[in-house]
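Subject: Structure handover

Hello,

Here is the structure you were waiting for. My notes on it follow below.

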Amino acid sequence: MIEVSDLWKIYNTNGSNVEALRGINLKVDQGQTLAIEGVSGSGKSTLLHLMGTLDHPSKGDIKYDGENVLNKSDTELAKFRNNKIGFVFQFHYLLAEFDALENVMMPALINGINKNQAQELALKVLDNVGLSDRVTHRPGELSGGEQQRVAIARSIVLKPRVIFADEPTGNLDRKTGSSIIDLFVKLSQEYKVSIIVVTHNSYVSSCFDKKINLLDGKIVYEN
Ligand SMILES: Nc1ncnc2c1ncn2[C@@H]1O[C@H](COP(=O)(O)OP(=O)(O)O)[C@@H](O)[C@H]1O
Ligand SMILES: [Mg+2]
């Protein structure tokens with residue numbers, strides 16, 4: 001479904017170049033789970049941002065279902081992201097003054113779905129992530145793992161084709177992190193959504209379909 005070829009990203013800061021990605025080739029199938037590992041600074045977040053169409057590469061192609069997304073205008077890309085892509089970050093970025101249900105409803109409401117239907121969609125995904133008894137809790141009344149589950153529910157409420165998660169387990173203890181990994185596997189199967197996760201949780205190796213290791217902007221290991 002997603003095909004990345006010869007992807008380069010060169011940042012220029014104060015006249016000096018940083019080659020953050022140096023010729024990445026990668027394929028991700030529909031419903032596949034992919035873990036991205038690598039030391040800090042190896043290019044993981046850059047790769048995630050480029051694949052998620054949040055930033056432009058210096059060179060190379062990113063295709064979704066054979067279509068080069070780099071040919072889209074900014075407006076088309078924004079629409080494409082809204083409909084096809086979900087994002088989860090290390091810090092969940094939930095809105096503190098809204099409860100879990102309202103946070104998960106938000107993308108649906110922004111997308112023009114009416115309130116009743118948005119609520120119905122949100123309740124279903126909250127149930128899917130195991131939080132049906134926490135819907136009226138605000139983020140401050142939830143544990144770290146529960147907050148991340150709300151963020152995952154929010155990322156999937158519009159049924160995207162792919163979810164990108166940048167160190168979603170980075171703030172969690174190992175066991176809670178592993179349960180988040182389990183949740184991603186379950187969602188990939190239930191929703192046929194591809195899941196691409198940057199994580200240091202060693203448990204991913206045993207349950208994700210595929211793993212790559214980055215070093216200095218290159219894939220140095222792939223299974
Ligand atoms: N916006 C930016 N401007 C300049 N350099 C950047 C920028 N973002 C990342 N880099 C550099 O690119 C390299 C890869 O960064 P990043 O993708 O964030 O790595 P990781 O997520 O694996 O820690 C690092 O050397 C980092 O300093
Ligand atoms: Mg990073």
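Start with the sheet. This is a predicted model, and in it six strands form an open, mixed sheet in the order 6-7-8-3-9-10. Strand 6 (85–89) and strand 10 (218–222) are the edges. Each has a single partner strand, so one side of each is left without a neighbour in the sheet. From one strand to the next, the twist averages 20°.

Look next at strand 3 (residues 33–38). Strand 3 pairs with strand 8 in the parallel sense, over four bridges. To find the register, go to Thr-33, which stands opposite Ile-195 in strand 8.

Now the helices. Helix 5 lies across strand 6 and strand 7. Helix 5 runs at about 165° to strand 6. Its length checks out. At 1.5 Å a residue, 13 residues should span 18 Å, and the end C-alpha atoms of helix 5 are 19 Å apart, which agrees.

How many of the 13 residues of helix 5 are buried? Twelve are, so helix 5 is largely enclosed by the rest of the structure. The buried set includes charged and polar residues such as Glu-146, Arg-149 and Gln-147, as well as Val-150 and Ile-152. What do the buried residues of helix 5 pack against? The partners are strand 6, helix 3, helix 4, strand 7 and helix 6.

Helix 6 (residues 174–191) passes the length check too. Its 18 residues should span 26 Å, and its end C-alpha atoms are 26 Å apart, which agrees. Buried residues of helix 6 include Ile-180, Ile-181, Leu-183, Phe-184, Val-185 and Leu-187. Gly-177, Ser-178, Ser-188 and Tyr-191 are buried as well. The buried residues of helix 6 pack against strand 3, helix 4, helix 5, strand 7, strand 8 and helix 7 (204–207).

On to the cores. In soluble globular proteins, nonpolar side chains tend to be buried together. Here the largest nonpolar core has 37 residues. Those with the most contacts inside this core are Val-104, Leu-126, Val-129, Ile-152, Phe-184 and Phe-208. Several elements each supply at least two of its residues, among them helix 3 (100–110), helix 4 (115–128), helix 5 (144–156) and strand 7 (162–166). Helix 6 and strand 8 (194–198) do so too. Which element gives the largest share of this core? Helix 6 does, with seven residues.

Val-104 is a good residue to click on. Beyond its neighbours within four places in sequence, Val-104 is in contact with Ala-122, Val-125, Leu-126, Val-150, Ala-153, Arg-154 and Val-157. Apart from the largest core lies another, of 27 residues. Met-1, Tyr-64, Phe-80 and Val-198 are among them.

Then the charges. The whole structure has nine salt bridges. Three are set out here.

- Lys-72 and Glu-67: the side chains meet at 3.3 Å, N to O. Lys-72 counts as buried because its relative accessibility is 16%, and buried means under 20%. Glu-67 is partly exposed, at 43%.
- Lys-186 and Glu-190: this salt bridge is also listed at 3.3 Å, N to O. Both residues lie in helix 6, four residues apart, about one turn of the helix. Lys-186 is partly exposed at 32%, and Glu-190 is partly exposed at 44%.
- Asp-133 and Arg-134: the side chains meet at 3.4 Å, N to O. Asp-133 is exposed, with a relative accessible area of 54%. Arg-134 is partly exposed, at 26%.

Which residues are joined into one network by salt bridges that share partners? They are Asp-133, Arg-134 and Glu-146. Glu-146 is one of the buried residues of helix 5.

Last, two backbone points. Most residues other than glycine have a negative phi. Asp-65 is not a glycine, yet has a positive phi of about 50°. Asp-65 sits in the loop between strand 4 (59–64) and strand 5 (67–68). Asp-216 has a positive phi as well, of about 45°, and is not a glycine either. Asp-216 is found in the loop between strand 9 (210–215) and strand 10. Asp-216 is partly exposed, with a relative accessible area of 48%.

Best wishes

Methods:
Residues are numbered from 1 along each chain as its sequence is written. Chains are lettered from A and ligands numbered from 1 in the order in which they are written. This is a predicted model: local features need pLDDT of at least 70, side-chain atom pairs count only at pLDDT 80 or more; totals for chains, interfaces and linings use all residues. Side-chain values use heavy atoms; hydrogens and water are left out. A salt bridge is a side-chain nitrogen of Lys or Arg within 4 Å of a carboxyl oxygen of Asp or Glu. Buried means under 20% relative accessible area, exposed over 50%, partly exposed in between (1.4 Å probe, protein chains only). A nonpolar core is a set of buried Ala, Val, Leu, Ile, Met, Phe, Trp, Tyr and Cys residues joined through side-chain atoms within 4.5 Å. Contact means heavy atoms within 4.5 Å. Two strands pair if DSSP finds at least two bridges between them. Axes are lines fitted to C-alpha atoms, for helices over the stretch in contact, and angles run from 0 to 180 degrees between N-to-C directions. The expected span of a helix is 1.5 Å times one less than its number of residues.
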